[in-house]
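Please load the model in a viewer and keep the selection panel at hand. The tour proceeds by selections, beginning with the aromatic rings.

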Amino acid sequence: MFNSANPKNEIKTLHSLTIVFWDANGVRNHSADIRNFLEEHSPDIFLIQETKLRPEINFSIPNYDVYRSDRPQRNNAPTQAGRTGILIKKSLPHHHIPTPQLHFVEATSISLIPTNKEPFTVTSIYIPPDKDPTLYTLDLETLIQLGPNPIICGDFNAQHQNSGSPINTTRGK
């Protein structure tokens, strides 16, 4: 169930915009919870990690544009973790940024052009836990260069005891 008190959920405000990011662990199982959260809190931007959506699955939310980075299913294999998405209010001036070639992370990005403010980019990112613990920085550099004033939020699979994890990973350190 979607729980706004869950430590994996974060709500931030920037330029009077509310940005939420959430590790879904599967959007299809939580679509009603997502809709309820969006109706109750009405965030401007909702970043999702581990959507587990495939290209043939429709996912839409009223009053939001939905951008996704899906993985095609291969040979009827079970749905794997991963995939990212961004929901942004249709009323906000923005455009989708096509995902560049990435090797260690999955990401979805948009560019916003707020009135009388500097433009900025927002990226929803997922770094699988089995990827090299240091090479993901090459992809981060690529994402940072997508546009001005980058904001990158998501699931870095970086565990550390200081954040309540029972273990410390290389990425968490």
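Across the whole structure, a search finds 2 aromatic pairs (rings of Phe, Tyr and Trp, the last by its six-membered ring, with centres within 6.5 Å; planes under 30 degrees apart are stacked, over 60 edge-to-face, the rest tilted). The model is predicted: local features need pLDDT of at least 70, side-chain atom pairs count only at pLDDT 80 or more, and totals for chains, interfaces and linings use all residues. Residues are numbered from 1 along each chain as its sequence is written, and side-chain values use heavy atoms, without hydrogens and water.

Select W22 and F46: the ring centres lie 6.3 Å apart with planes at 40°, so the pair is tilted. W22 belongs to strand 2 (residues 17-23) and F46 to strand 3 (residues 45-49), 24 residues apart; strands here are DSSP runs of E, at least two residues, and helices runs of H or I, at least four, numbered from the N terminus. Add F37, which forms a tilted pair with F46 at 5.8 Å centre to centre and 40° between the planes. Ring pairs thus link W22, F37 and F46 into a cluster. W22 and F46 are both buried (under 20% relative accessible area; exposed is over 50%, partly exposed in between; 1.4 Å probe, protein chains only), and F37 is buried as well.

Next, select R171 and Y136. The charged end of R171 sits over the Y136 ring, 5.2 Å from its centre (NZ of Lys or CZ of Arg within 6 Å of the ring centre and within 35 degrees of the ring normal).

Finally, display strands 6 to 9, an open sheet of 4 strands in the order 6-7-8-9 with mixed pairing (at least two DSSP bridges per pair). Strand 6 (94-97) and strand 9 are at the edges, each with a single partner strand, so one side of each has no neighbour in the sheet.
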